[in-house]
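I opened my notebook today to get to know one protein chain, a little at a time. Here is what I want to look at before I start writing.

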Amino acid sequence: MSWNPQYRSSKFRHVFGKPASKENCYDSVPITHSVQDNHFCAVNPHFIAVVTECTGGGAFLVIPLHQTGKLDPHYPKVCGHRGNVLDVKWNPFNDFEIASCSEDATIKIWDIPKQLLTKNLTAFRKELVGHARKVGLVEWHPTAANILFSSGYDYKVMVWNLDSKESVIMSPVKTISCHQDVILSMSFNTNGSLLATACKDRRIRVLDPRAGTILQEANYKGHRANKVLFLGNLKKLLSTGTSRWNNRQMALWDQDDLSVPVTEVDLDGSSGVLFPFYDADTNMLYVVGKGDRNIHYYEISANKPHLNYLTEYHSYNPQKGIGVMPKRGLDVSSCEIFRFYKLITTKSLIEPVSMIVPRRSESYQEDIYPPTASAQPSLTAQEWLSGMNKEPVLMSLRPGAEPLSPQPLPSERTLSVPTAPTSPHLFNQTERLVAEDGRRPFSLLEEKAPRWSAEYRQEEKKTWLSDGFDIFECPPPKTENELLQMFYRQQDEIRRLRELVIQREVQAKQLELEIRNLRMSSPRL
């Protein structure tokens with residue numbers, strides 16, 4: 001009889017939440033008092049957008065990420081809606097474009113200037129008019145550029161193509177009218193070919209977003225869903241809601257069979273809505289309750305038990321809303337794998353909370369930072385509308401790294417991988433070229449040297465970048481923690497530069513061997 005241990009090994013067992021210090025929080029922020037069950041906050045590596053209180057219409061704030069501390073009471077707002085703003089979402093492929101929806105039944109697309117706002121921004125780039133009642137949710141497509149989804153209180157989901165030159169778009173490219181009540185949540189799978197929705201009628205639906213047809217529908221009476229989420233490439237859905245006895249509950253579903261949940265987990269008897277967040281790179285699930293003071297996190301596995309509880313982060317202040325930083329904006333030098341921005345209305349405060357894997361090494365941790373989605377779309381709007389599906393373009397979080405699925409590169413890049421000096425194919429090709437034009441063998445290297453030097457200058461320029469920004473243009477560190485982070489970044493840059501120098505030395509030696517072999521073979525001609 002074999003002994004099975006009751007614990008499971010995981011590199012994320014000891015993940016802990018680290019709140020930001022007082023000087024690194026955003027104070028005196030007039031957070032909205034809306035009762036809508038939305039996040040009210042959107043974050044990208046440059047800005048944090050927060051829905052705020054505003055008289056005479058709806059507005060939201062766009063604060064530069066580095067502008068921490070107390071906010072000016074007269075700080076400029078983004079205002080142009082005639083009703084309260086209910087949701088804001090940054091374009092995943094453009095950090096300076098944001099979509100907002102409002103009670104005035106419109107969606108507006110805004111271009112945020114790179115410099116600081118000096119006055120209220122009222123000029124929008126596009127206005128989408130199509131819903132008959134207020135619009136509660138907006139969602140960008142995860143892989144196609146300029147495709148936006150919206151859901152309203154008219155029980156419709158609309159698909160918008162923003163490639164149009166018109167400033168006011170009156171009709172969507174598709175309207176999905178299969179819901180019988182208000183849509184509470186929308187979620188895409190990894191390549192955006194499926195859309196999952198949770199409706200006020202407590203049913204979960206998996207839709208084809210282009211055709212607007214229902215592929216799967218859950219009629220399970222034991223779980224009333226509020227929020228639904230695709231779990232990456234696991235082909236599973238996770239929903240949060242309430243059980244028959246009004247306990248807060250999570251349910252895991254097979255996306256191909258929504259008749260009965262795979263597993264159900266009861267949490268507590270509180271009444272706040274649960275917001276789930278899934279990190280497909282680490283297979284970690286974070287559950288944040290509206291009005292709660294803590295954040296629960298789990299590890300998802302394909303085998304039973306599918307939901308493996310890790311621990312929770314405790315705080316003294318309840319959150320009304322929450323924002324999440326994309327993976328490309330995290331601080332890899334401190335082993336940060338997730339970052340929340342808690343909206344604390346009782347203190348008019350936005351508090352960043354970093355989820356950190358404790359590691360002693362100061363180098364880049366490859367095992368906790370697999371390739372993640374980049375800021376490049378893999379499809380155009382027309383390609384997606386015509387029926388194409390593609391996985392997201394991936395990138396490495398290593399400082400200075402390029403996307404792993406880039407656009408086709410010019411043929412000059414083939415020089416970056418030198419051929420072994422003992423290859424007879426290289427000798428025969430070189431001898432053939434020498435016989436044709438009568439020049440010396442090493443003139444081929446002289447021709448290609450400028451291209452190589454240009455490529456080297458580009459790579460040298462990339463070494464100035466650390467975590468996606470220029471280390472010579474970033475503001476000086478204000479605290480000891482920021483100073484340590486800057487020191488660790490510089491240490492990683494030094495190691496990477498040393499590796500680059502070693503690679504160049506190896507290439508130089510290989511080129512010397514090629515020249516020597518070519519000179520030795522030239523008397524045979």
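My entries below go from the whole chain to single residues.

**Ground rules**

I am working with a predicted model, where local features need pLDDT of at least 70, side-chain atom pairs count only at pLDDT 80 or more, and totals for chains, interfaces and linings use all residues. Residues are numbered from 1 along each chain as its sequence is written, and side-chain values use heavy atoms, with hydrogens and water left out.

**Entry 1: the overall count**

I looked up the secondary structure and found four helices and 35 strands. Helices (H or I, at least four residues) and strands (E, at least two) are DSSP runs, numbered from the N terminus. Next I asked how much of the protein is buried: 49% of its 525 residues are. Buried means under 20% relative accessible area, exposed means over 50%, and partly exposed lies in between (1.4 Å probe, protein chains only).

I also checked contacts, meaning heavy atoms within 4.5 Å. Of the contacts between residues at least 6 apart in sequence, 53% join residues at least 24 apart.

**Entry 2: the nonpolar cores**

Which residues have the most contacts inside the largest nonpolar core? I noted I48, F60, I112 and Y341, in a core of 34 residues. A nonpolar core is a set of buried Ala, Val, Leu, Ile, Met, Phe, Trp, Tyr and Cys residues joined through side-chain atoms within 4.5 Å. The strands that each supply at least two residues of this core are β3 (41-43), β4 (47-52), β5 (58-64), β8 (85-91), β9 (94-102) and β30 (336-344). The largest share, five residues, comes from β4.

I then followed I48. Leaving aside neighbours within four places in sequence, I48 is in contact with ten residues that I could tick off: Y26, C41, A42, V43, L61, V62, I63, L65, Y341 and I350. There is also a second, separate core of 26 residues, and F275, F277, F340 and V357 are among them.

**Entry 3: a four-stranded sheet**

I reminded myself that strands of a sheet pair through backbone hydrogen bonds, either parallel or antiparallel. The sheet I chose is open, has four strands in the order β21-β22-β23-β24, and its pairing is antiparallel. Two strands count as paired if DSSP finds at least two bridges between them. Which strands are at the edges? They are β21 (223-230) and β24, since each pairs on one side only. Neighbouring strands here are turned by 25° against each other on average, direction ignored. For that angle, axes are lines fitted to C-alpha atoms, for helices over the stretch in contact, and angles run from 0 to 180 degrees between N-to-C directions.

I zoomed in on β21 and β22 (residues 236-243), which pair in the antiparallel sense over seven bridges. H223 stands opposite S243 in β22. Is S243 buried or exposed? S243 counts as buried because its relative accessible area is 2%. Beyond four places in sequence, S243 touches G222, R224, Q249 and D266.

**Entry 4: salt bridges around R248**

I counted 21 salt bridges; each is a side-chain nitrogen of Lys or Arg within 4 Å of a carboxyl oxygen of Asp or Glu. R248 meets D268 in one of them, at 2.8 Å, N to O. This pair links distant parts of the chain, with D268 in the loop between β24 (263-266) and β25 (274-279), R248 in strand β23 (residues 248-254), and their positions 20 residues apart. R248 also meets D292, at 2.7 Å. Here the partner D292 sits in the loop between β26 (284-289) and β27 (294-300), 44 residues apart from R248.

I checked accessibility for these three. R248 is buried, at 3%, and D292 is buried too, at 12%. D268 is partly exposed, at 26%. Elsewhere, I noted that D201, R203, R205 and E217 are linked in a network of salt bridges.

**Entry 5: a pair in a helix**

My last stop was helix α4 (residues 480-521), where D492 is found. D492 and R495 meet in a salt bridge of 2.9 Å, N to O. Both lie in α4, three residues apart, about one turn of the helix. D492 is buried, at 11% relative accessibility, whereas R495 is partly exposed, at 32%. Beyond four places in sequence, D492 touches S333, E362, S363 and Y364.
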